[in-house]
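Student: I am new to this structure. Please take me through a close look at its enclosed space, and then at what lies around that.

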Amino acid sequence: MRVLLAGATGVIGNRMVPLLTAVGHEVLGLARPGSDTTALQAAGARTVVADALDRDGLRRAVRQAAPDVVVNMLTAIPAEISPKHLARDFATTNRLRTESTRNLIDAASGARIISQGLAYAYQPGEGLAAEDAPLWRAGTPKQFVPVLDALIELEQLTRQAGGLVLRLGHLYGPGSIYAPDGSFVRQVRAGKVPLVGGGNAVFSFTHADDVAAAVAAALDKPDVAGVLNIVDDRPTPLREWLPELATVLGAPAPKKAPAPLARLAVGSWGVAFMNRLRGAANTQARLHLDWRPRYASVTEGFAAELASEARVTA
């Protein structure tokens, strides 16, 4: 199958290209003009050069490539994000999720669309959220509103095209903020990530390899459409996984910070991020894609991916 991967040079793309080529797909990696595509080509992909925000240029490039499937993993998330300025830091990603999704669907008319969504945008509530649970429309922190609006538009565009949205949890693995050299791990090592409020937010994590595996499974099941949560089996409260991560890294235990005081530093979104997020259930992805996460929980994932690095650093 000829697969156009938008976002081929990102954290997910770097894991997806080798897997899809290994299982026999012809991978076309979309890359902006001037991008370094050495690794992409070394992994067996053919490069399609176009800017996803350039409607006419993208149409010409994609129609010439003639993919059977378009996998849209486009983001432009900074390595370090300021919770007080989330809307600013996500401005380009919001455009990619809206304008570029429209451009890709228009350019690849007739191709199946698989898009990346988020599994932590559900309305806060009790228990794990299934795909039919409402998104965070009531009491949404101001900085998260444009991010959520972009996600909703991306999902609407994808579903109107008969495609599939994979709602991902907090992404970890090589190249992510949770990698040994990632920005979040550096902050935890330095004791700069406090436990705000009660740390009650429940986090569903997703390893980059699990995203790649989910896409590979979806390619084998062309009739699967709609929305699926691609997350680990055991979502975990922040108050549990953050101290465990510090222990794995040999870092100081996180200090506690009252929510009202922390709000001055991280804003309402930062406080909500640490206290109100709702975990997601992967039951439907297991059923419809016959997919399983590599690690059942992020505790296992961090131990496997970071423990050896922590010993070397020490």
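Tutor: This is a predicted model. Start with the cavities. The count comes to one cavity of 30 Å³ or more. About 40 Å³ of space lies in the largest cavity. Two elements each give two or more residues to its lining: α9 (238-249) and α10 (259-275).

Now find the lining residues. They are Tyr178, Phe184, Val193, Phe203, Leu238, Trp241, Phe273 and Met274. What classes do the residues of this lining divide into? Eight are nonpolar, none is polar and none is charged.

Next, turn to an open site, the second largest pocket. About 170 Å³ of space lies in this pocket. Look along the chain for its lining. One run in the list is Pro124, Gly125, Glu126, Gly127 and Leu128. Asn200 and Val202 also line the pocket. The list ends with Asn275, Arg276, Leu277, Arg278 and Gly279. By class, this lining has four nonpolar, five polar and three charged residues. Set that beside the lining of the largest cavity, with eight nonpolar residues and no charged ones.

Helix packing comes next. Two packed helices are described by the angle between their axes and the distance between the axes. Take helix α1 (residues 11-22) and helix α8 (residues 208-219). Their axes come within 8 Å and cross at roughly 45°. That angle makes α1 oblique to α8. The crossing is right-handed.

Which residues in α1 meet α8? They are Val11, Ile12, Arg15, Met16, Leu19 and Leu20. On the α8 side, the residues are Ala208, Asp209, Val211, Ala212, Ala213, Val215, Ala216 and Leu219. This contact divides into twelve nonpolar, no polar and two charged residues. Arg15 in α1 and Asp209 in α8 are the charged ones.

A second pair is helix α3 (residues 55-65) and helix α5 (residues 91-107). Here the axes come within 9 Å and cross at roughly 40°. That makes α3 oblique to α5. This crossing, too, is right-handed. From α3, the contact takes in Arg55, Leu58, Arg59, Val62 and Arg63. These meet Asn103, Leu104, Asp106 and Ala107 in α5. By class, the contact of α3 with α5 has four nonpolar, one polar and four charged residues. For α1 with α8, the division was twelve nonpolar, no polar and two charged.

Technical notes: Residues are numbered from 1 along each chain as its sequence is written. This is a predicted model: local features need pLDDT of at least 70, side-chain atom pairs count only at pLDDT 80 or more; totals for chains, interfaces and linings use all residues. Side-chain values use heavy atoms; hydrogens and water are left out. On a 1 Å grid over the protein atoms alone, a cavity is a set of points where a 1.4 Å probe fits but cannot get out, and a pocket is an open set with protein on both sides within 12 Å along at least five of seven lines; lining residues have an atom within 4 Å of a point. Grid points are joined across faces, edges and corners, and a volume is the space filled by probe spheres set on the points. Helices (H or I, at least four residues) and strands (E, at least two) are DSSP runs, numbered from the N terminus. Axes are lines fitted to C-alpha atoms, for helices over the stretch in contact, and angles run from 0 to 180 degrees between N-to-C directions. Angles under 35 degrees count as roughly parallel, over 145 as roughly antiparallel, 65 to 115 as roughly perpendicular and the rest as oblique. A crossing is left-handed if the near helix is turned anticlockwise from the far one by less than a right angle, and right-handed if clockwise. Contact means heavy atoms within 4.5 Å.
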